[in-house]
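Subject: Structure handover

Hello,

Here is the structure I promised to pass on. My notes on what turned up follow below it.

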Amino acid sequence: MIRCRGHASVRNFVFLVMAVCLQASVARAAEPALKVVASFSLLADFAREVGGPNVQVRALVGPEGDAHVFEPTPKDARVVQDARVLIANGVGFEAWLGRLKKSSNFKGKEVIASNGVKLRTLAGGTSTHTGHAHGATQDPHAWQSAANAVIYVNNIAEAFAEVDPVNASAYRSRAAAYVKRLSALDNDIRQTFASLAPDRRVFVTTHDAFGYYAQAYGLRILPAQGLSTESEPSAAGMARLVDQIREQRIPAVFIENISNPKLMEQLARETGAVVGGKLYSDALSPPGGPAPTYFQLMQINTRTIADALAAHAPAR
């Protein structure tokens with residue numbers, strides 16, 4: 001009888017160990033393969049499209065956040081420290097990221113999503129598009145062209161595949177499907193503006209975030225501020241812009257989701273141009289808003305711009 005109880009105890013113990021191991025295995029299987037940190041919300045959206053259920057993505061600068069003026073906290077350092085992949089835009093967009101990586105002792109894989117993009121270059125505040133002249137500044141807002149977004153997505157997919165080779169085919173498959181959607185989006189935007197008269201394809205934005213968009217889709221944009229929202233327009237610069245809007249009869253100015261609208265409202269009052277609506281430049285909207293994904297951001301921006309330029313006669 002004692003021997004039987006001993007055998008039963010052993011069997012119960014074995015079953016218990018097997019149950020614990022099974023639970024641990026299920027828990028591990030349920031965990032994302034990769035912890036990914038993206039510098040701002042648009043890159044986080046790319047990462048989710050590529051990574052699907054195999055990744056856990058955090059954005060340091062979330063929806064409606066301005067990466068130009070972001071100040072990392074110790075909590076952000078801990079998030080970066082735990083990441084296996086860190087996605088950055090590069091081209092000087094995240095001026096704070098080098099310090100954050102150093103303070104967090106980040107040891108994972110960093111991917112610069114814009115690698116391979118033909119960069120737009122500014123010299124003296126004017127787009128040259130001709131390489132690196134003395135004193136030239138490269139525009140980091142390359143995601144504003146859907147064709148450039150394809151490069152971003154493929155860079156992210158290859159980084160995920162390198163760090164997590166077991167799921168490499170899944171990352172590349174999702175990236176390929178998303179690239180097809182982005183290519184169709186790129187074509188749709190081109191067709192939208194092709195029907196608009198060339199003299200209508202000019203407008204004013206808060207800061208110089210839409211240069212790649214203008215270059216890709218045949219528009220001309222006059223920014224009130226420079227490449228960063230930290231820059232303040234001078235009184236002389238504003239006076240020149242007012243004169244330019246009046247002389248060229250530019251029909252619309254647009255506010256941005258990350259900027260104070262007062263500057264654009266002032267320009268509209270002084271020139272007779274209309275406020276054409278809100279554009280999403282460097283950040284997504286929160287979930288439930290009009291631009292919670294990159295794809296929707298490009299669609300809503302295009303619709304807002306095209307509708308305003310088509311509807312309003314040039315200012316006189």
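Please start with helix α6. Its buried residues are A168, Y171, A175, Y178, V179, L182, L185, D186, I189 and F193. One caution before going on: this is a predicted model.

**Helix α6 and its cover**

α6 runs from residue 168 to residue 194 and holds 27 residues. From first C-alpha to last, the helix reaches 39 Å. That is close to the 39 Å expected at 1.5 Å a residue.

What lies over the buried residues of α6? Two strands are among the cover: β1 (34–40) and β2 (55–61). Helices contribute too, including α2 (41–51), α5 (146–163), α7 (211–217) and α10 (294–311).

Look next at T302, which sits in α10. Is T302 buried or exposed? It counts as buried, because its relative accessibility is 6% and the cut-off for buried is under 20%. Beyond its neighbours within four places in sequence, T302 is in contact with I189, T192, F193 and Y213. Two of these, I189 and F193, are on the list of buried residues in α6. With Y213 there is also a polar contact, side chain to side chain, at 2.6 Å.

**The chain as a whole**

Now step back. The protein chain has ten helices and eleven strands. It counts 316 residues, and 47% of them are buried. Take the contacts with a separation of 6 or more: 67% of them are between residues 24 or more positions apart. The chain exposes about 15400 Å². Carbon and sulfur atoms supply 54% of that area.

**Strand β1 and its partners**

β1 was named above as part of the cover of α6. The strand is itself mostly covered, with six of its seven residues buried. It pairs with β2 in parallel, through six bridges. One pair to find on screen is A38 with its bridge partner A59 in β2. Together with α2, these two strands form a right-handed β-α-β unit.

β1 also pairs with β3 (residues 85–88). This pairing is parallel as well, over three bridges. Here V36 stands opposite V85 of β3.

**Around β8, α7 and β9**

A second right-handed β-α-β unit is made by β8, α7 and β9. β8 (202–205) runs parallel to β9 (residues 220–223), and four bridges join them. F203 stands opposite I221 of β9.

The loop between β8 and α7 holds A209. How much of A209 is accessible? Its relative accessible area is 0%, so A209 is buried. Leaving out residues up to four places away in sequence, A209 touches H141, Q144, S281 and D282. S281 is 72 residues from A209 along the chain. Even so, their C-alpha atoms are separated by 6.3 Å.

**A buried arginine**

R120 lies in the loop between β4 and β5 (121–123). At a relative accessible area of 8%, R120 is buried. Which side chains does R120 meet in polar contacts? One is D139, at 2.5 Å. Another is D208, at 3.5 Å.

**Two residues with positive phi**

Most residues other than glycine have a negative phi. Two exceptions are worth a look.

- V91 has a phi near 60°. It lies in the loop between β3 and α4 (97–104). V91 is partly exposed, with a relative accessible area of 25%.
- N105 also has a phi near 60°. It is found in the loop between α4 and β4 (109–112). N105 counts as partly exposed, at 45% relative accessibility.

**Where to look**

For a quick tour, begin at α6 and the elements that cover its buried residues. Move to T302 and its polar contact with Y213. Follow β1 to β2, then β1 to β3. Go on to A209 and its contacts, including S281. Then find R120 with D139 and with D208. Finish with the loops that hold V91 and N105.

Best wishes

Methods:
Residues are numbered from 1 along each chain as its sequence is written. This is a predicted model: local features need pLDDT of at least 70, side-chain atom pairs count only at pLDDT 80 or more; totals for chains, interfaces and linings use all residues. Side-chain values use heavy atoms; hydrogens and water are left out. The expected span of a helix is 1.5 Å times one less than its number of residues. Buried means under 20% relative accessible area, exposed over 50%, partly exposed in between (1.4 Å probe, protein chains only). Contact means heavy atoms within 4.5 Å. A polar contact is a pair of N or O atoms within 3.5 Å; within protein, one must be able to donate a hydrogen and the other to accept it, and residues adjacent in sequence count only if both atoms are side-chain atoms. Accessible areas come from the Shrake-Rupley method with a 1.4 Å probe; for residues, only the protein chains shown count as cover. Two strands pair if DSSP finds at least two bridges between them. A crossover is right-handed if, with the strands pointing away from the viewer, the path from the first strand over the helix to the second runs clockwise.
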